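Biologist: Please walk me through this model, beginning with its surface and then turning to how its helices pack.

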Amino acid sequence: MIDLQQKISNSKWEIPFQVGLNLVVFLFFSVSTRGYHDSIPQVESFEIAFFTNYAVAALVINYFLFPKFLYQKKYWLFLTLFLLVIFTSIFMEEFILEKIYFPTTRGSRFGKIIFSLVDVLPVTIILCGFKLAWDIIRKQLQLEQLTASVEQSELKFLKSQINPHFMFNNLNNIYALALENSPKTPEIILGMSSFMRYVLYECKSQYVLLKNEIEQLENYIELYEMQIEGRGKVFYHKSGIGESSQMIAPLILMVFVENAFKHSAEKKSEGIEIHIHIILDNNSLRFNCKNNYDPIEHKNNNNEAGIGLENVQKRLQFIYPNSYELTINKSETVYDLQLTLNLNR
């Protein structure tokens with residue numbers, strides 16, 4: 001099926017298809033056994049001339065009227081020219097071909113138009129109908145390919161917005177720790193290096209192993225945990241991950257974790273609490289991230305934080321359509337996010 005779709009979408013296959021179609025239609029309408037089933041099928045010479053007349057009419061309609069008028073939505077002009085082509089074909093049959101091949105019978109008088117239409121229309125409609133169907137399928141395939149390309153481009157763009165955000169936050173942390181001559185500076189640099197290696201080399205594909213994503217998420221949590229040291233605590237729990245072979249879109253969970261730390265880090269006093277729970281049950285992944293925050297500071301920085309959340313929601317819609325459930329409960333001081341993903345989509 002895929003091979004057929006590729007052939008239809010490739011214009012070089014159209015000529016062989018049209019030649020084969022014309023041959024099949026010609027044999028169907030022109031081969032005669034003279035009424036005897038045991039007779040050898042024969043093709044009369046006049047049938048070749050008559051069919052060529054019909055095929056030329058279909059050729060004009062397919063490759064001139066269709067692209068120039070029908071596909072340009074010039075319907076009335078198309079209909080007028082279509083009828084003109086049909087009646088031209090009838091004229092060729094009545095006044096030229098019949099006089100050549102049947103000078104004493106059919107060619108000696110002008111027949112009824114209705115009889116000529118019965119000859120011309122079936123062949124023309126079949127040839128034009130297949131051409132129209134070919135064009136429709138090809139346009140649909142091109143549209144699907146374009147849509148997929150646009151979606152992939154947008155996904156890459158949304159994913160690329162995560163990395164600079166992470167780098168910006170941690171460079172600020174390194175700068176602050178370096179000013180204090182903190183011994184944790186090398187540790188943060190090493191953690192950033194590990195994460196960036198993961199992003200550059202393992203996150204190029206649309207999906208990554210869930211266990212690898214969780215491992216990097218844990219490194220991610222350790223990096224941000226240093227920011228709130230002495231001001232709060234992170235409660236992290238995972239279940240059912242183990243050596244799971246499940247795949248997941250990369251960097252989705254990390255955006256939610258980053259938002260949680262960012263909001264809580266804005267809380268100037270002590271008492272920061274961040275709860276992160278990840279549970280894999282068969283093919284269902286349940287992720288819960290809850291944090292407290294200072295409502296005044298959060299309000300001042302709400303627009304910037306909302307960009308990352310909006311981006312990850314778009315990625316979920318692209319990658320997991322009808323396969324995820326995202327619930328956000330927000331009070332004056334607590335932000336509670338719950339995500340359920342069907343990994344066996």
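**Surface and helix packing**

Biologist: What share of the exposed area of the protein chain do carbon and sulfur atoms supply?

Modeller: The protein chain exposes about 20200 Å² (Shrake-Rupley method, 1.4 Å probe). Of that area, carbon and sulfur atoms supply 60%.

The model is predicted, so local features need pLDDT of at least 70 and side-chain atom pairs pLDDT 80 or more, while totals for chains, interfaces and linings use all residues. Residues are numbered from 1 along each chain as its sequence is written, and side-chain values use heavy atoms, without hydrogens and water.

Biologist: How are α7 and α8 oriented to each other?

Modeller: Helix α7 spans residues 185–201 and helix α8 residues 210–225 (DSSP runs of H or I, at least four residues, numbered from the N terminus). They pack at about 150 degrees, with axes 10 Å apart (lines fitted to C-alpha atoms over the stretch in contact; angles run from 0 to 180 degrees between N-to-C directions). Because angles over 145 degrees count as such, α7 and α8 are roughly antiparallel.

Biologist: Which residues of α8 meet α7?

Modeller: On the α7 side, the contact (heavy atoms within 4.5 Å) involves Ile 188, Gly 191, Met 192, Ser 194, Phe 195 and Tyr 198. Their partners in α8 are Asn 212, Glu 213, Gln 216, Asn 219, Tyr 220 and Leu 223.

Biologist: How are α2 and α3 oriented to each other?

Modeller: Helix α2 (residues 14–30) packs on helix α3 (residues 45–70) at about 140 degrees, with axes 11 Å apart. Therefore α2 and α3 are oblique (angles outside the ranges under 35, 65 to 115 and over 145 degrees).

Conventions. Helix = DSSP H or I, 4+ residues; strand = E, 2+ residues; numbered from the N terminus.
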